[in-house]
Every structure is written in structure tokens, then in C-alpha cells.
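Biologist: I would like a close look at a single part of this model. Please take it step by step and keep the account connected.

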Amino acid sequence: MFDVIREDDNLWGLERGECKENDIGVTFDKNLADDRYLILKIDAYYSSSRRHNPPPSVDCLIIVRCDSRDHYDFYLTELRNVKSSKGIKTKEIENKFVTTIE
């Protein structure tokens with residue numbers, strides 16, 4: 001599946017070596033080999049350079065190949081560097097997930 005994603009014209013240029021934004025990021029277990037996961041920068045897909053008025057979207061889609069080569073786990077991540085969740089508008093974040101899933 002990773003090769004199919006990498007060869008897709010619409011997804012070209014979205015792959016990243018890490019999921020990081022706003023001085024916060026996702027880390028992986030040291031035992032997870034690099035070839036077992038793929039990180040796509042979803043908000044780059046919805047950037048203003050590709051669309052006139054881009055909708056809100058999550059930061060990253062992380063795809064992890066399970067031990068069975070036919071199974072994958074998918075993680076949508078929205079990264080926020082905040083001291084408290086009080087100021088976070090849940091509806092705003094919900095809209096990012098809705099855009100990405102649709």
C-alpha cells in the first residue's frame with residue numbers, strides 16, 4: 001500500500017519523515033522499523049497553493065503496517081502546543097477531522 005500511495009499523483013509530495021507542528025510532534029517506539037509506517041502531511045494537501053480557499057484539515061495521517069502485511073492502522077493527528085485545553089475550540093478541531101475523513 002505504501003508504494004501505491006507514494007506513486008499517486010494527488011498524494012505526491014505529502015510524505016514526511018516526521019509528524020511535527022507548532023513545536024510538538026509524534027514519536028514512535030524505537031523498535032518500530034521505518035518501513036512499517038508512512039506519514040502524510042494532510043494539511044499540505046489542503047494548502048492554499050493547491051486550493052483557493054482550503055478547508056480546515058488535520059496535520060498528519062500516520063499509516064502503520066501491522067504484523068500481518070494485509071492490515072494497517074490509521075491515525076489522524078492534530079497537534080497543538082498548549083498549556084491547557086480550555087482555549088481549544090472543539091468544533092474547530094471536529095471540522096478538521098470531518099474534512100480529512102470525507
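Which residues make up the largest nonpolar core?

Modeller: Bear in mind that the model is predicted. The largest nonpolar core consists of 11 residues, namely F2, I5, L14, L38, L40, I42, A44, Y46, V58, L61 and I63. At least two of these residues come from each of helix 1 (2-7), strand 4 (37-41), helix 2 (42-45) and strand 5. A further core lies apart from this one; it has 8 residues, including L32, Y37, C60 and I62.

One member of the largest core, Y46, has contacts beyond its sequence neighbours. Leaving out residues up to four places away in sequence, Y46 touches R51, P54, P55, S57 and T99.

Two of the contributing elements, strand 4 and strand 5, also belong to an open sheet. Its 4 strands run in the order 1-4-5-6, with antiparallel pairing. Strand 1 (15-16) and strand 6 (72-77) are the edge strands, and each has a single partner strand, so one side of each has no neighbour in the sheet. Between strand 5 (residues 60-65) and strand 6 the antiparallel pairing extends over 6 bridges. The core residue L61 takes part here, with L76 in strand 6 as its bridge partner.

Charged pairs complete the picture around these strands. The model has 10 salt bridges. One of them joins the side chains of D67 and R36, with an N to O distance of 3.2 Å. D67 sits in the loop between strand 5 and strand 6, while R36 sits in the loop between strand 3 (24-25) and strand 4, so this salt bridge ties together parts 31 residues apart in sequence. D67 is exposed, at 72% relative accessible area, whereas R36 is partly exposed, at 21%.

On the other side of strand 6 in sequence, the loop between strand 6 and helix 3 (90-101) holds E78. E78 forms a salt bridge with K96, the closest N and O atoms lying 3.1 Å apart. K96 is in helix 3, and the pair links distant parts of the chain, 18 residues apart. Both residues, E78 and K96, are buried; for E78 the relative accessible area is 17%. The side chain of E78 also meets that of R80 in a salt bridge, at 3.1 Å from N to O. R80 is partly exposed, with 25% relative accessibility. Through salt bridges with shared partners, E78, R80, E92 and K96 form one network.

Note on methods:
Residues numbered from 1 in each chain as written. Predicted model: local features only at pLDDT ≥ 70, side-chain atom pairs only at ≥ 80, totals over all residues. Heavy atoms only, no water. Pairing = 2+ DSSP bridges. Core = buried A, V, L, I, M, F, W, Y, C linked by side-chain atoms within 4.5 Å. Buried < 20%, exposed > 50% of the residue type's maximum accessible area, 1.4 Å probe, protein only. Contact = heavy atoms within 4.5 Å. Salt bridge = Lys/Arg side-chain N within 4 Å of Asp/Glu carboxyl O.
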